[in-house]
Amino acid sequence: MIVVGGEALIDLVPAPEPPGALLPRPGGGPYNTALALGRLGARVAFCSRVSTDGFGTSLLAGLDAAGVDLSLVQRGPEPTTLAVPSLAPDGSAAYGFYVEGTADRLFRLPPALPAGVRALALGTCSLVLEPGASAYEALLRRESGRGLLTLLDPNIRPALISDPAAYRARFLSWLPYVGVLKLSEEDAAWLGGRVGDWLAAGPSAVVLTRGAGGLTVWTREGREHSAPAHRVAVVDTIGAGDTVNAALLHRLSEGTGGASGAAGPGAADWPEVLAYAARAAALTCSRAGAEPPYASDLSG
């Protein structure tokens with residue numbers, strides 16, 4: 001099983017009509033990653049704190065429909081976090097957030113994860129907003145220490161980071177516990193580091209997504225591989241990076257027959273892994289909102 005930890009929220013996505021209308025859609029980087037893993041056929045559990053309000057109930061229903069295990073979900077009466085994406089002409093999204101007093105911020109460190117768990121994925125708002133951020137950080141350190149493959153997607157949301165320098169320092173402190181670091185070009189530019197420095201700090205692989213430029217991986221062994229993006233008519237890019245996370249984890253956990261913890265994903269077939277992730281992300285970009293593909297969409 002793969003465990004995905006982090007927030008579940010509601011994206012208020014601009015509607016085609018009437019002008020200015022917003023449509024509620026399930027979202028949050030970790031939520032989308034768990035949903036995508038379930039749709040791809042992976043055994044996956046979601047680890048979070050979710051509101052008991054109507055939005056929270058609908059979020060969990062979406063995961064349940066995708067076959068995601070909900071036994072690690074904590075519930076609370078606080079409201080669901082809201083995100084308001086604004087779309088650029090090329091379909092890229094910027095976000096504003098309503099996060100004060102919301103349920104996912106009150107996540108508590110759970111007992112040890114089940115013995116059958118192979119991998120853990122974390123990222124996005126959940127690693128910024130306290131007190132939950134410290135609980136997720138403790139989860140990363142603990143589970144990496146017992147040998148899980150760990151994937152970190154910082155998925156930077158500048159509007160939520162009040163002290164960029166402190167966040168960058170904290171990010172570097174996570175790297176010794178990370179097996180695969182996945183970043184967008186925008187994340188990498190905001191963090192201001194270099195791939196070689198990140199690899200030296202701990203991860204065995206760094207995957208960079210470049211939108212229409214495709215994906216590239218650098219490994220600790222000095223390998224570099226790239227895959228081109230699949231050309232589609234882009235509706236928006238919401239959830240595309242989260243789909244990449246899911247595709248990477250799904251292929252890596254299948255291909256290695258297990259995890260190798262902070263030492264990384266072992267002898268992965270990176271060209272195949274990246275090509276699969278590029279196809280999955282392209283299908284997500286061809287749909288409105290975070291609608292990752294099913295395994296059947298990628299067969300053949």
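Here's a quick tour of this chain, covering confidence, a helix, the cores and some unusual backbone spots.

First, keep in mind that this is a predicted model. The pLDDT averages 89 over the chain, and 92% of the residues score at least 70. One stretch to watch is residues 256–263, where the pLDDT is below 50, although this stretch has 27 contacts beyond near neighbours in sequence. Where pLDDT is low, the predicted coordinates should not be read in detail.

Now look at helix H8, residues 270–285. From first C-alpha to last, H8 reaches 22 Å, close to the 22 Å expected for its 16 residues. Its buried residues include Trp270, Val273, Leu274 and Ala277.

Which residues touch the most other members of the largest nonpolar core? They are Phe46, Leu248 and Trp270, in a core of 47 residues. H8 supplies the largest share of this core, eight residues. A second, separate core has 45 residues, among them Val3, Phe107, Trp198 and Leu199. Back to Leu248: leaving aside neighbours within four places in sequence, its contacts include Trp270, Val273, Leu274 and Ala277, as well as Leu151 and Lys182.

Finally, the backbone. The peptide bond from Glu130 to Pro131 is cis, with omega near 5°. Pro131 sits in the loop between strand E9 and helix H3. Two residues other than glycine have a positive phi, Thr124 and Asn155:

| Residue | Phi | Loop between | Relative accessibility |
|---|---|---|---|
| Thr124 | near 65° | E9 and H3 | 5% |
| Asn155 | near 45° | E10 and H4 | 12% |

Are these two buried or exposed? Buried counts as under 20% relative accessible area, so Thr124 at 5% is buried, and Asn155 at 12% is buried too.

Notes: Residues are numbered from 1 along each chain as its sequence is written. This is a predicted model: local features need pLDDT of at least 70, side-chain atom pairs count only at pLDDT 80 or more; totals for chains, interfaces and linings use all residues. Side-chain values use heavy atoms; hydrogens and water are left out. pLDDT is the predictor's confidence in each residue, from 0 to 100. Contact means heavy atoms within 4.5 Å. Helices (H or I, at least four residues) and strands (E, at least two) are DSSP runs, numbered from the N terminus. The expected span of a helix is 1.5 Å times one less than its number of residues. Buried means under 20% relative accessible area, exposed over 50%, partly exposed in between (1.4 Å probe, protein chains only). A nonpolar core is a set of buried Ala, Val, Leu, Ile, Met, Phe, Trp, Tyr and Cys residues joined through side-chain atoms within 4.5 Å.
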